[in-house]
Amino acid sequence: MTGLTHRQAEILNIARASGRVMVEELARRFEVSAQTIRKDLNDLCERRSLTRIHGGAIIASGVENLAYEARRFVAADEKKAIGAAAASLIPNGCSLFINIGTTTEEVASALTSHEDLLVITNNLNVAMLLYRHPRIEVVVAGGTVRRADGAVVGSTATQLIGQFKVDYAIIGASAIDEEGALLDFDYREVQVAQAIIANARSVMLVADSTKLRRSAPVRIAHITQIQTFVTDQELPERLATICHSKGIEVMAAMPKGDGDDEAQGEAQDAAPEAAPVVRLR
């Protein structure tokens with residue numbers, strides 16, 4: 001890519017290899033200030049090569065998702081907090097769908113102390129997390145296994161989902177636009193997600209705030225089709241208004257504290273720290 005400094009080109013190569021770059025790590029690597037690195041990241045974001053996240057940036061993509069293992073590193077602390085918050089809303093003795101995604105996997109990890117659950121999933125990683133627990137019964141959708149991430153996709157998985165009517169659905173999304181569309185990259189995966197939404201009494205979306213700054217080409221659903229949205233931060237005004245007008249419960253698992261601009265600037269690149277779950281209306 002023309003017009004990049006040597007350091008910016010290196011930063012882009014690192015991001016492509018690992019899925020994300022963090023300000024403090026880059027500052028140490030290149031022996032420059034965090035402010036200099038932030039300027040580099042902002043320049044790369046203006047070129048739409050990167051997308052800013054808390055403390056760093058990720059590769060920007062509108063047509064192809066990041067590699068699954070790389071996505072595990074993106075907003076990892078936020079996803080863990082979201083998983084714990086979402087699991088706290090799931091009672092014992094219920095049935096639920098859990099679909100593919102690194103955030104839905106965090107929900108599954110947080111459900112291991114629950115009892116008398118029936119979990120239907122198209123996510124082999126979720127099945128492996130839960131099947132050993134004697135008080136949790138796991139049903140895995142059949143079909144083609146996607147090597148990239150262990151997702152079971154296609155018409156066979158969709159048909160199995162349609163045979164159930166469950167209490168809760170836990171779904172993720174690769175991107176959420178400002179109008180409330182939930183978006184993804186793989187049409188086969190979207191078909192399964194749509195079947196999950198159609199066959200659950202209550203749908204819970206779990207997605208961190210980086211998904212609000214991304215794009216993806218395939219529409220899963222609209223946010224008005226869900227009942228609960230568990231995320232890490234307060235929503236942008238337009239999306240929050242949509243949720244409020246439709247009675248969607250929004251839970252922020254890691255809300256930012258109030259403070260002056262200088263304190264907020266210093267916190268921009270600090271490691272995120274879990275905070276008590278707060279319900280927002």
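A nonpolar core is a set of buried Ala, Val, Leu, Ile, Met, Phe, Trp, Tyr and Cys residues joined through side-chain atoms within 4.5 Å. The views below come from a predicted model.

**View 1. The largest nonpolar core has 35 residues.** Among its members, Leu182, Ile223 and Phe229 touch the most others. Several elements each supply at least two residues of this core: the helices α8 (155-161), α9 and α10 (237-245), and the strands β9 (166-171), β12 (200-206) and β13. Helix α9 gives the most, with six residues.

**View 2. Ile223 and its contacts in the core.** Neighbours within four places in sequence are left aside here. Beyond them, Ile223 is in contact with Gly180, Leu182 and Phe229. Its other contacts are Leu239, Ile242, Cys243 and Ile248. Leu182 and Phe229 belong, like Ile223, to the three residues that touch the most other members of the largest core.

**View 3. A second core is separate from the one above.** This core has 25 residues. Ala85, Cys94, Ile136 and Ala253 are included in it.

**View 4. An open sheet of three strands.** The strands lie in the order β10-β11-β13, and their pairing is antiparallel. Strands of a sheet pair through backbone hydrogen bonds, in either a parallel or an antiparallel way. The edges of this sheet are β10 (175-176) and β13 (218-222), each of which pairs on one side only. Two bridges join β10 to β11 (residues 181-184) in the antiparallel sense. Across this pair, Ile176 stands opposite Leu182 of β11.

**View 5. Helix α9 packs on the sheet.** The helix covers residues 187-198 and touches β11 and β13. Its direction makes about 10° with that of β13.

**View 6. Asp116 in its loop.** The loop runs between α6 (102-110) and β5 (117-121). Is Asp116 buried or exposed? Its relative accessible area is 40%, so Asp116 counts as partly exposed; that class lies between buried, under 20%, and exposed, over 50%. Not counting residues up to four places away in sequence, Asp116 touches Gly93, Cys94 and Arg135. Asp116 and Cys94 are 22 residues apart in sequence, and their C-alpha atoms are 6.9 Å apart in space. Cys94 is also one of the residues of the second core.

**View 7. Arg29 and the ring of Phe30.** The charged end of Arg29 sits over this ring, 6.0 Å from its centre. As for pairs of aromatic rings, the structure holds zero.

Notes: Residues numbered from 1 in each chain as written. Predicted model: local features only at pLDDT ≥ 70, side-chain atom pairs only at ≥ 80, totals over all residues. Heavy atoms only, no water. Pairing = 2+ DSSP bridges. Helix = DSSP H or I, 4+ residues; strand = E, 2+ residues; numbered from the N terminus. Contact = heavy atoms within 4.5 Å. Axes fitted to C-alpha atoms, helices over the stretch in contact; angles between N-to-C directions. Phe/Tyr/Trp six-rings, centres within 6.5 Å; stacked < 30°, edge-to-face > 60°. Lys NZ or Arg CZ within 6 Å of the ring centre and 35° of its normal. Buried < 20%, exposed > 50% of the residue type's maximum accessible area, 1.4 Å probe, protein only.
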